[in-house]
Amino acid sequence: MKAVAVAGRQLLPGGMTSVPSAAPANSVEHGEIFTRRWIVDLILDLAGYTADRDLAGLVAVEPACGGGAFLAAMASRISASCRKHDRPILDAKPALRAFDLLAPSVAASRRLVRNVLTDEGWPLPEANDLARAWVRQGDFLLDEHLPTDVDFVVGNPPYVRLEDVPADRMLAYRAACRTMTGRSDLYVGFYERGLKSLRPGGVLAFICADRWMRNQYGRHLRELVTAGYSIDITISMHDVDAFEEQVSAYPAITVLRRAEQNATMVVDTRRSFGPQDAPELVESLRAAASKVASNGSFEAARLPHWFTGGEPWPTGSPSRLALIESLNDRLPLLEDCRTGTRVGIGVATGADKVFVTTHADVEPRRLLPLSMVKDTASGTFSWSGHYLVNPWDEEGGLVDLARSPRLRAYYERHAAALKRRHVAGRRPVQWYRTIDKVDPSLIDRPKLLFPDMKTSIHPVLDKGGYYPHHNLYYVVSDVWDLRVLGGLLLSGVAQAFVEAYAVRMRGGTLRFQAQYLRRIRVPRPESISARDRSALAAAFDARDSRAATEVALRVYGIEAMEDLVSGPTTGRGGS
């Protein structure tokens, strides 16, 4: 059974656990992976769950307490708070609620709480009373009496594929948590339930996998968060030794608040980040400096606000995210009706062996010159002689085969392969159509072509007369000089946008798909001086991305950024 370690324990609902493959089997009883105490303390500090506050008068929830890593620290802070505010410890009886499915974990957590409180001088009967009141056996995701006036939800929720959960419980989870769609992970539901339990101003602070910020299954959670909550802090901890056992799960700390979105502090930590750096990080975040802060083990930046909507949120260094957000605020998108600029994808056929050819015995007008990825390899468009055996007429309608006998004979020779396609099954009468219609108006238009998979952005100018294949994306415009626009899109600034949003594949290859190209921001054409237009066009013609980046920084109004200028340099695009 598949289980991936990222949270405080690996819990499969229904009373089953599994040992995560990333940790030695003999080191993890019941699949528990413990968060290091200094990480717990960092999260509690960031959430504002500190002993100087009257914690007995607040309500905190730990939704999956496991072995009690968070509980021990929270009990200690409640104890110190009661001393500081001259309260009896029993005043804190309603102040903490912790859940776990497994009876052994509940018993262990209660013992831990009792020991913490008695070690700090509270009477044993009171410690036992609080341990029983604070820790309960139950399912946080399905609890019918979950309060909605919680001040803090903190912890390390389970990271388990929903498909690995028993079917009846999976259906119950999906019914209880609308954000758990598709191939969701269990922690998505913990975010949803935790957020919905917060009172206005309440805080949720988790250490968890950050994939929900970018994966498809996180879309509804992102919509929920941006519709009613503030992303106060995100801390990427991919290389940090945050857990007692070695795991690999792209963890991040997120601090969310039930409030309108304000500024967000974004932090990237390095492998060297440790307990000695945590206090400095907390102070840096409390200072909320407007500029980037760094001590060698972390980099932090303040964003005036967070990104909106359910689309994948960008990724990158704090300084890179600050740049992306600034450009998002100031400049229009590449695809813009005001300039008639449009991003699209080439024609998909569903049977390239039939439709894509260098020669075919059909009527000449049915052969449409097709641009292929290989035609763009040098950076200058060089047609390889491929055609689309085109079933679409000049008005965009499907060709009447009775009027094109050679085309009909060609398709009928390949009828078995064509009729096996899904598109033919849905439209049997149109069995010879391609998946996508051909847009006749696109053929003669100049267009910038982008191969789907490259390590760096690679715009190539097709001056017209060719139709792109489906492995090519294109940009057309009514207003832009495409050589000038090509210079901007060859630059490190355009690369930064794609890197922030796109999926990076093995070997560093990026997907330059329409959805990512549409995220690029560009200055208005009229705002670029004649000198800079000329320089951008020259850089594009020379395939000099370094020169294009230097001009782009100027026209975007960006201070020199070494990671942009030192990106892909001269040459024939990415590999």
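Colleague: Quick one to start: is D129 buried, exposed or partly exposed?

Modeller: Keep in mind that this is a predicted model. D129 counts as partly exposed, because its relative accessibility is 24%.

Colleague: And which side chain does D129 meet in a salt bridge?

Modeller: That would be K93, at 3.3 Å from N to O. D129 sits in helix α4 (residues 124–134) and K93 in the loop between α2 and β4, so the pair ties together parts that are 36 residues apart in sequence. K93 is partly exposed too, at 37% relative accessibility.

Colleague: How many salt bridges are there in the whole structure?

Modeller: The search finds 33. Another one joins R219 and E311, with 3.0 Å between N and O. R219 belongs to helix α7 (residues 219–228), while E311 is in the loop between β12 and α9, so that bridge ties together parts 92 residues apart in sequence.

Colleague: Which residues are linked in a network of salt bridges?

Modeller: R37, D41, D45 and R77 are linked that way.

Colleague: Changing tack, what about R193: where does it lie, and what is its nearest side chain of opposite charge?

Modeller: R193 is part of helix α6, which covers residues 186–196. The nearest opposite charge is D143, 5.3 Å away, and R193 has no salt bridge although it is buried. The cut-off for a salt bridge is 4 Å, so a 5.3 Å gap does not qualify.

Colleague: Which backbone oxygen lies 3.2 Å from a polar atom of the R193 side chain?

Modeller: The one of F140. Beyond its neighbours within four places in sequence, R193 also has contacts that include L141, L142, L146 and C177.

Colleague: You mentioned C177, so how many disulfides does the count give?

Modeller: Zero. As for cysteine surroundings, C177 is buried because its relative accessibility is 0%, whereas C337 is exposed, at 76%.

Colleague: Okay, rings now. How many aromatic pairs are there?

Modeller: The count comes to 19. One of them is W38 with F273, a tilted pair at 5.8 Å centre to centre and 50° between the planes. W38 is in helix α1 and F273 in the loop between β10 and α8, so this pair ties together parts 235 residues apart in sequence. Both W38 and F273 are buried.

Colleague: What kind of pair do Y49 and F152 form?

Modeller: Edge-to-face, with centres 5.1 Å apart and planes at 85°. Y49 lies in the loop between α1 and β3, and F152 in strand β6, 103 residues apart.

Colleague: Last one: which residues do ring pairs link into a cluster?

Modeller: Y159, Y187, Y191, F206, W212, W306, F307 and W313.

How values were computed
Residues are numbered from 1 along each chain as its sequence is written. This is a predicted model: local features need pLDDT of at least 70, side-chain atom pairs count only at pLDDT 80 or more; totals for chains, interfaces and linings use all residues. Side-chain values use heavy atoms; hydrogens and water are left out. Helices (H or I, at least four residues) and strands (E, at least two) are DSSP runs, numbered from the N terminus. Buried means under 20% relative accessible area, exposed over 50%, partly exposed in between (1.4 Å probe, protein chains only). Lys and Arg count as positive and Asp and Glu as negative; His and the chain ends are not counted. A polar contact is a pair of N or O atoms within 3.5 Å; within protein, one must be able to donate a hydrogen and the other to accept it, and residues adjacent in sequence count only if both atoms are side-chain atoms. Contact means heavy atoms within 4.5 Å. A disulfide is a pair of cysteine sulfur atoms within 2.5 Å. Rings of Phe, Tyr and Trp (its six-membered ring) pair if their centres lie within 6.5 Å; planes under 30 degrees apart count as stacked, over 60 as edge-to-face and the rest as tilted.
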